[in-house]
Amino acid sequence: MTQPPPAGGWPDPASAGQPSSPPADPLLSVPSQPAGYDPYQPADPYPPIDSYAAKSDLPPAPAPYPPPGYPPPVQPGYGYGYPQRSTNSLALVGLILSLIGIGSCITAPIGAIMGHVAIRQIRETGEEGEGMAKAAIIVGWIITAFFALVVLVYVAIFVIWATAVTTV
């Protein structure tokens, strides 16, 4: 039984016959490597020591990746994670005064004004509480407008009553 010829045109090393193709032309071959370089020489087992790296007073090189697990605390003593942004206290006080204005009607415009001041502070400092400040403004001015409307209705009723009583 005979084997098929080897793929790629390489001669079979087990065969004892002549190669099927003529030898390559030496003028057309690729030039060899320079004479002073041997790519197969063994590596130097004793590389040169860097005089700066050998000193022991240098800090160790940082790790290329952080260690697995939780991130380190941002500030010592405050636990893990990032510090939470604080809520603007003026926004909270403004909302409380606006809601108290439902019963008293006097604190509602004060809460609305405090909400305006809180919005300006939040834009400057980047604190939390913009929603509370907007709620203080909306609730405060709605309650103030409702209170002013009630006062105008009472004044109108009094004026109508006073004119009706004096003409009789």
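**Exercise 1.** Find what percentage of the 168 residues in the protein is buried.

*Solution.* Start with the cut-off: a residue is buried when its relative accessible area is under 20%. Buried residues make up 14% of the 168 residues. Bear in mind that this is a predicted model. Now turn to the surface. The accessible surface comes to about 14,700 Å². Carbon and sulfur atoms hold 68% of that area.

**Exercise 2.** List the elements of the protein in order from the N terminus.

*Solution.* Count by type: there are three helices and zero strands. The order from the N terminus is α-α-α.

**Exercise 3.** Check whether the end-to-end distance of helix α3 agrees with its number of residues.

*Solution.* Helix α3 covers residues 130–166, which is 37 residues. At 1.5 Å a residue, the span should be 54 Å, because the expected span takes one less than the number of residues. The end C-alpha atoms are 54 Å apart, so the two values agree.

**Exercise 4.** Name the buried residues of α3 and say what covers them.

*Solution.* The buried residues are Ala133, Ala136, Ile137, Gly140, Ile143 and Thr144. Their cover includes α1 (89–104) and α2 (107–125).

**Exercise 5.** Identify the residues of the largest nonpolar core, then trace the contacts of Ala133.

*Solution.* The core has six residues: Ala91, Ala118, Ile119, Ile122, Ala133 and Ile137. Helices α2 and α3 each supply at least two of them. The largest share, three residues, comes from α2. Next, take Ala133. Leaving out residues up to four places away in sequence, Ala133 touches Ala91, Gly115, Ala118, Ile119 and Ile122.

Notes: Residues numbered from 1 in each chain as written. Predicted model: local features only at pLDDT ≥ 70, side-chain atom pairs only at ≥ 80, totals over all residues. Heavy atoms only, no water. Helix = DSSP H or I, 4+ residues; strand = E, 2+ residues; numbered from the N terminus. Buried < 20%, exposed > 50% of the residue type's maximum accessible area, 1.4 Å probe, protein only. Contact = heavy atoms within 4.5 Å. Core = buried A, V, L, I, M, F, W, Y, C linked by side-chain atoms within 4.5 Å. Areas by Shrake-Rupley, 256 points an atom, 1.4 Å probe, with all protein chains shown as cover.
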